[in-house]
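The exercises below are meant to be worked through with the sequence and the model side by side. Try each task before reading its solution.

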Amino acid sequence: MTVTFEDLGLGPDLLRAVSEAGYETPTPIQEKAIPYVLMNRDVLGCAQTGTGKTASFTLPMIEILSQGRARARMPRSVILAPTRELAAQVAENFETYGKYHKLTMALLIGGVSFNEQEKLLDRGVDVLIATPGRLLDHCERGKVMLTDTKIAVIDEADRMLDMGFVPDVEKIVGMMPPLRQMVMFSATMPKEIRRLAEKFLRNAKEITVDPPSSTASTIEQGLAYVAPRQKNTVLRKWLSEDDVKNALIFCNRKRDVATLYQSLQKHGFPVGALHGDMDQYKRMECLDRFRQGEIKLLVCSDVAARGLDIAAVSHVFNYDIPTSAEDYVHRIGRTGRAGRSGKALTLTTGRDQKQIAAIEKMIGSPLPVLEGYEQHSQQQAEKPEKESPQSKTRSSAGKKERPPKRSRTPWGQEGIGEEPDTGLPFGQTDGVPAFLLRAPKL
Ligand code: AMP
């Protein structure tokens, strides 16, 4: 029997907001976690982004917090997130699901002016969402007191660990009353996270759900052997097919992101590009346009796409085979999210058999080769393919495509530049997400 949101014990206002968000049924983590959070139990969730974990704590929190009032400078609930980007996403969730509740929310993250947020805190907030460093700073200056915290959430605990935030988190939790409820999420459970869980949680319900990558049954995968010079033509052919509603296109090298972006733009595709050098504001703007459907295609590198959360991506195209099998799983996991179906098609020139073997080992099955794109057809593919109507209008079929000349000037709104492979997580640059500049409301 399919479990519904009604079955989980959520009130009518939340059910309305959830249905307006377009969700039909709870995801496994929501199904498992929501009833326990509603019972005021501590929960330890082993779940990654893409599983619907944010709603699994925001929904019951809204329900619990709908009773009672906040006191000045004493938030009733605290959510700790490792990056400002994640904190902003959690805040967006509260806005979406809490639209029929009168809860107040404040966000303490880097890069945002605090005047507004401090005014809200002074009046009292129901939900405080913060990165650990910022919150600690406010606590130490006496701007926030955690002694009235009823519910605390630590999101992405393993990332907190990677980023060295554990001492700050321990200090923060130490300021909370011992009888609060706590929910902790982590994608992995290393020893240090287990230790934290033992220290912070009491009689916790432990919940584990499969990472989105293993829900690969919702993702149709395909591999195409093509000659190097045919890559763009084949990609454009795919992009012109009807069922591509929106897509992420991954390249291994930053210069290929730039070249492919320019080429697709030249062929009239509504395309943007994401790279690690763009400031945060530009990235969020570009992502917003993609979410709104203004830009249907995003060419990106692995670094830029890390941590990206877009619910409904119909296709992922690998312009290159990623050098690591983990990256492949991560890339294709951008589609087929939260139970939706998706397609992930990969181009290969046949020179990357080692990577293909590593990917197949990791996903536990061979990558299906697309009909007409078998390995032996590579030489034939050197012959020009029939072009899509969209591209035909702009380039004559059969003409060898020359990569567009690179320029040093910015490339339109989305801007392309050299991307230093800093390895920094997505969202670790300066700038403010556009929607944060609006007054927060619930
Ligand atoms: P998360 O794992 O919290 O980052 O969520 C991944 C994506 O799934 C988000 O973009 C949500 O909007 C979406 N989502 C969350 N719950 C559901 C649901 N029950 N049905 C469909 N999509 C959902």
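**Exercise 1: a residue in a loop**

Asp-148 is found in the loop between helix H6 (132-140) and strand E5, where helices (H or I, at least four residues) and strands (E, at least two) are DSSP runs numbered from the N terminus. The structure is a predicted model, in which local features need pLDDT of at least 70 and side-chain atom pairs count only at pLDDT 80 or more, while totals for chains, interfaces and linings use all residues. Residues are numbered from 1 along each chain as its sequence is written, and side-chain values use heavy atoms, with hydrogens and water left out.

Task: decide whether Asp-148 is buried or exposed, and find which residues Asp-148 touches.

Solution. Begin with the accessible area: Asp-148 has a relative value of 10% and is therefore buried, the term meaning under 20% relative accessible area, with exposed over 50% and partly exposed in between (1.4 Å probe, protein chains only). Next, look for contacts, meaning heavy atoms within 4.5 Å; leaving aside residues up to four places away in sequence, Asp-148 touches Arg-71, Met-74, Pro-75 and Arg-76. Finally, the side chains of Asp-148 and Lys-150 make a polar contact at 2.8 Å. Such a contact is a pair of N or O atoms within 3.5 Å; within protein, one must be able to donate a hydrogen and the other to accept it, and residues adjacent in sequence count only if both atoms are side-chain atoms.

**Exercise 2: the order of a sheet**

Task: work out the strand order of the open sheet of seven strands, and say which strands stand at the edges.

Solution. Following the pairing, where two strands pair if DSSP finds at least two bridges between them, the order is E3-E4-E2-E5-E6-E1-E7, with parallel pairing. Strand E3 (105-108) and strand E7 (205-208) each have a single partner strand, so one side of each is left without a neighbour in the sheet. On average, neighbouring strands of this sheet are turned by 10° against each other, direction ignored; the axes are lines fitted to C-alpha atoms, for helices over the stretch in contact, and angles run from 0 to 180 degrees between N-to-C directions.

For one pair inside the sheet, take E2 (residues 77-80) and E4 (residues 127-130), which run parallel and are joined by four bridges, with Val-78 opposite Leu-128 in E4. As for the helices, H2 (residues 28-38) lies across E1 (43-46), E6 (181-186) and E7, running at about 165° to E7, whereas H9 (residues 191-200) lies across E1, E5 (151-154), E6 and E7, at about 170° to E6.

**Exercise 3: the largest core and a helix**

Task: find which residues touch the most other members of the largest nonpolar core, and which residues of H1 are buried.

Solution. A nonpolar core is a set of buried Ala, Val, Leu, Ile, Met, Phe, Trp, Tyr and Cys residues joined through side-chain atoms within 4.5 Å. In the largest one, of 38 residues, Phe-57, Leu-59, Ile-79, Phe-94 and Ile-129 touch the most other members. Among the elements that give two or more residues to this core are helix H1 (12-20), helix H3 (53-65) and helix H4 (84-97).

In H1, Leu-14, Leu-15, Ala-17 and Val-18 are buried. They cover an arc of only 165° around the axis, taken from the directions from the helix axis to the C-beta atoms, which puts them on the same side of H1. The buried residues of H1 pack against H3 and H4, and just after H1, Gly-22 takes a positive phi of about 90°.
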